[in-house]
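Grab a coffee and work through a few exercises on the structure below. Each one sets a task and then walks through a solution.

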Amino acid sequence: MSSFVKRRGAVTIKGTRASLHSGQAILSSGNPSLDHVFGGGFPIGSIIAIEEDKYANYSRVLTKYFLAEGLINSHSTFVASLEEDSVQLMKKLPTPVKETEPERTPQNQAPEEMRIAFRYNKLGVVDLEQKSSTQLGHFFDLSKQIDESELTKHDITYWDGTKCPEAPSKTFTNSSFQSLLDAIHLKAKQPQFDQSNTEIKDKNLLRICLNSIGSPLWYDKNFPSDLVKFLTILKSFVRNTLSCCLITLPTHLFHHLEGDNHRLYDRLIDQVDYCIALESFAGSDKEANPVFKEYHGLLDIVKISALNTLAAFVPETRDLAFKLRRRKFVIEKLHLPPELGDDKDESGQKKPATMGMGCAGGGGGSKLDF
């Protein structure tokens with residue numbers, strides 16, 4: 001009997017490709033620098049958690065990237081939020097940047113190199129948002145909002161909690177959790193096809209975006225228990241469908257919990273596959289620190305799961321920082337300036353230069369006595 005087994009063809013979905021590290025289908029978060037940190041993208045069937053910054057300004061930007069990437073690939077989209085109007089959030093999505101031909105160096109002209117610090121030529125590029133041949137996502141311009149007429153061409157479902165049943169369910173005390181799960185389940189039961197292709201019905205991907213789950217609007221007497229149950233059921237659901245979920249959590253509001261609920265944070269992280277934390281410098285001492293003057297905050301990689309693979313992806317570095325420019329959100333390796341000594345005395349006058357080494361002659365003011 002032959003041991004040859006015919007290999008089944010992988011599911012091809014627009015906006016996805018096979019990972020170079022694990023071979024599984026991955027998708028883009030909409031931000032190339034964030035994709036680069038996690039090995040090129042995120043696997044289908046995963047839950048991506050973002051720990052919101054204090055004012056949720058930067059986490060909202062990453063949410064817009066995720067949704068905008070879904071629109072440009074004609075993915076089905078489900079948006080849920082109790083904090084803000086989901087329709088208004090979709091209207092503020094950025095527009096894709098048109099690709100332009102990169103500048104080419106003349107053949108006779110050699111690339112410019114460092115003459116003095118030549119060793120730095122071998123170091124990697126600081127900016128992680130460098131376009132490569134294996135790039136999956138797109139670039140977006142945050143300064144330009146999407147045309148509202150473009151939203152009508154896509155399959156988008158909104159949930160704002162207005163149709164929640166008054167009576168609690170058997171699983172949750174807060175009926176909003178049950179209503180949200182029912183809405184997601186109903187959306188997934190519908191045939192997901194590429195709306196841009198009317199001739200051939202190809203399978204499509206469902207992008208689920210849950211904004212600020214766990215904010216004060218979700219609080220109830222059994223809030224910690226309901227939130228953990230919700231994520232447990234949601235994780236099982238996403239695993240068995242062609243979908244990917246992005247959820248933002250205001251974890252900085254969970255520190256007031258006492259008793260058995262103080263471990264809520266650890267229990268929540270256990271239920272997600274990938275997690276990053278955004279620490280904004282706004283309102284903190286680091287905002288005025290000249291060391292961090294080029295950045296707006298720090299990005300911490302909290303969790304990377306080995307999803308459908310033997311070993312999890314190991315990033316190049318965990319010392320990451322981000323800055324929000326007018327047109328884009330960039331994640332970079334954190335490079336601190338060298339710590340130089342203070343060349344001024346107590347009166348503010350510049351200290352005289354010392355000549356020679358420790359045992360050199362002259363009036364160099366050596367501290368060594370022989």
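Contact here means heavy atoms within 4.5 Å. This is a predicted model, where local features need pLDDT of at least 70, side-chain atom pairs count only at pLDDT 80 or more, and totals for chains, interfaces and linings use all residues. Residues are numbered from 1 along each chain as its sequence is written, and side-chain values use heavy atoms, with hydrogens and water left out.

**Exercise 1. Work out the surroundings of His-75.**

Step 1: place the residue. His-75 sits in the loop between helix 2 (57-72) and strand 5. Helices (H or I, at least four residues) and strands (E, at least two) are DSSP runs, numbered from the N terminus.

Step 2: is His-75 buried or exposed? With a relative accessible area of 1%, His-75 is buried. The cut-offs are under 20% relative accessible area for buried, over 50% for exposed and partly exposed in between, using a 1.4 Å probe and protein chains only.

Step 3: list the neighbours. Once those within four places in sequence are set aside, His-75 touches Ile-13, Lys-14, Gly-15, Gly-70, Asp-155, Asn-204, Leu-205 and Arg-207.

Step 4: pick out the polar partners. A polar contact is a pair of N or O atoms within 3.5 Å; within protein, one must be able to donate a hydrogen and the other to accept it, and residues adjacent in sequence count only if both atoms are side-chain atoms. A polar side-chain atom of His-75 lies 2.6 Å from the backbone oxygen of Lys-14. The side chains of His-75 and Arg-207 also make a polar contact, at 3.1 Å.

**Exercise 2. Find out how strand 5 (residues 76-81) is covered and paired.**

Step 1: check burial. In strand 5, 6 of its 6 residues are buried.

Step 2: split the faces. In a regular strand the side chains alternate between the two faces of the sheet. On one side of strand 5 you'll find Ser-76, Phe-78 and Ala-80, and on the other Thr-77, Val-79 and Ser-81; all are buried.

Step 3: find the partners. Two strands pair if DSSP finds at least two bridges between them. Strand 5 runs parallel to strand 9 (residues 206-211), with 6 bridges, and Thr-77 has Arg-207 as its bridge partner there. Strand 8 (residues 156-159) is also parallel to strand 5, with 4 bridges; here Val-79 is matched with Tyr-158.

Step 4: follow Arg-207. Besides bridging to Thr-77, Arg-207 lies over the face of Phe-66, at 4.7 Å from the ring centre. That label requires NZ of Lys or CZ of Arg within 6 Å of the ring centre and within 35 degrees of the ring normal.

**Exercise 3. Check the length of helix 5 (residues 175-189) and see what its buried residues pack against.**

Step 1: do the sum. The expected span is 1.5 Å times one less than the number of residues. For the 15 residues of helix 5 that gives 21 Å, and the end C-alpha atoms are 21 Å apart, so the two agree.

Step 2: look for buried residues. They include Phe-177, Leu-180, Leu-181 and Ile-184.

Step 3: see what they face. The buried residues of helix 5 pack against strand 5, strand 8, strand 9 and helix 6 (223-239).

Step 4: inspect the start. There, a side-chain oxygen of Asn-174 comes within 3.1 Å of the backbone nitrogen of Ser-176.

**Exercise 4. Classify the aromatic pairs that involve Phe-42.**

Step 1: get the rules. Rings of Phe, Tyr and Trp (its six-membered ring) pair if their centres lie within 6.5 Å; planes under 30 degrees apart are stacked, over 60 edge-to-face, and the rest tilted.

Step 2: start from the total. The whole structure holds 14 aromatic pairs. For Phe-38 and Phe-42, the centres are 5.0 Å apart and the planes at 40°, so this pair is tilted.

Step 3: take the other ring. Phe-42 and Tyr-274 are 5.3 Å centre to centre with 80° between the planes, an edge-to-face pair. That pair links strand 3 (residues 42-43) to strand 11 (residues 274-280), with the two residues 232 apart in the chain.

Step 4: check burial. Phe-38 is buried at 6% relative accessible area, Phe-42 is buried at 2%, and Tyr-274 is buried too.
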